[in-house]
Amino acid sequence: MVQATAFLLGGFLCGTALAYLLVAATGGHMTAAELWSCLSAAVVASVLVPALPPHYRVELNDHCLVLRGGGRREIPWRDIIGLEIRKTVGIRMVVVQVSGGRRIPLRAPMSFLDRGFDNKAKVLTDWWGVRRGGPEGV
């Protein structure tokens, strides 16, 4: 409960700071359209900031795919039976399918605000393609 409240408060504070910056940028006098844009940006920031993971990343090594962010998780290449690019609400992300049938959506790379998504997804797919047979396949 406290963690959810902290995230929402952080989003609200970022949204409020953005609103103040926009007011300062317009010299304190805004038209109705500028006010609407300012409020919309503040609401969007209040929703998006809590949804962003603090330091989420994916690391590649010869034996496993390492997921970092809120802890560390290793997925051996031999346990990954598929990688797919899934598009949800216009945002593309990589989903890892492991041998137990579970699908794990990766928070990085994600096409939202990442122009290098296609290259990163290709690197990830290439690494899996070479290493999926286990250490003897390397």
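These legends cover close-up views of a predicted model. Residues are numbered from 1 along each chain as its sequence is written, and side-chain values use heavy atoms, without hydrogens or water. Local features need pLDDT of at least 70 and side-chain atom pairs count only at pLDDT 80 or more, while totals for chains, interfaces and linings use all residues.

**View A. The three-stranded sheet.** Three strands form an open sheet in the order 1-2-3, with antiparallel pairing. Strands are DSSP runs of E, at least two residues, and helices are runs of H or I, at least four residues, numbered from the N terminus. Two strands pair if DSSP finds at least two bridges between them. The edges are strand 1 (57-60) and strand 3 (72-76), each pairing on one side only.

**View B. Strand 2 against strand 3.** These antiparallel strands are joined by 5 bridges. Val66 has Glu74 in strand 3 as its bridge partner.

**View C. The largest nonpolar core.** Such a core is a set of buried (under 20% relative accessible area, 1.4 Å probe, protein chains only) Ala, Val, Leu, Ile, Met, Phe, Trp, Tyr and Cys residues joined through side-chain atoms within 4.5 Å. This one has 16 residues; Leu65, Leu67, Ile80, Val96 and Leu106 touch the most other members. Strand 2 (64-68), strand 5 (91-98), strand 6 (103-110) and helix 3 (117-131) each supply at least two residues. Helix 3 gives the largest share, 4 residues.

**View D. Around Leu65.** Contact means heavy atoms within 4.5 Å. Beyond four places in sequence, Leu65 touches residues including Trp77, Ile80, Val96 and Leu124.

**View E. A cis peptide bond.** Ala108 and Pro109 are joined in cis, with omega about -5 degrees. Pro109 lies in strand 6.

Conventions: Buried means under 20% relative accessible area, exposed over 50%, partly exposed in between (1.4 Å probe, protein chains only).
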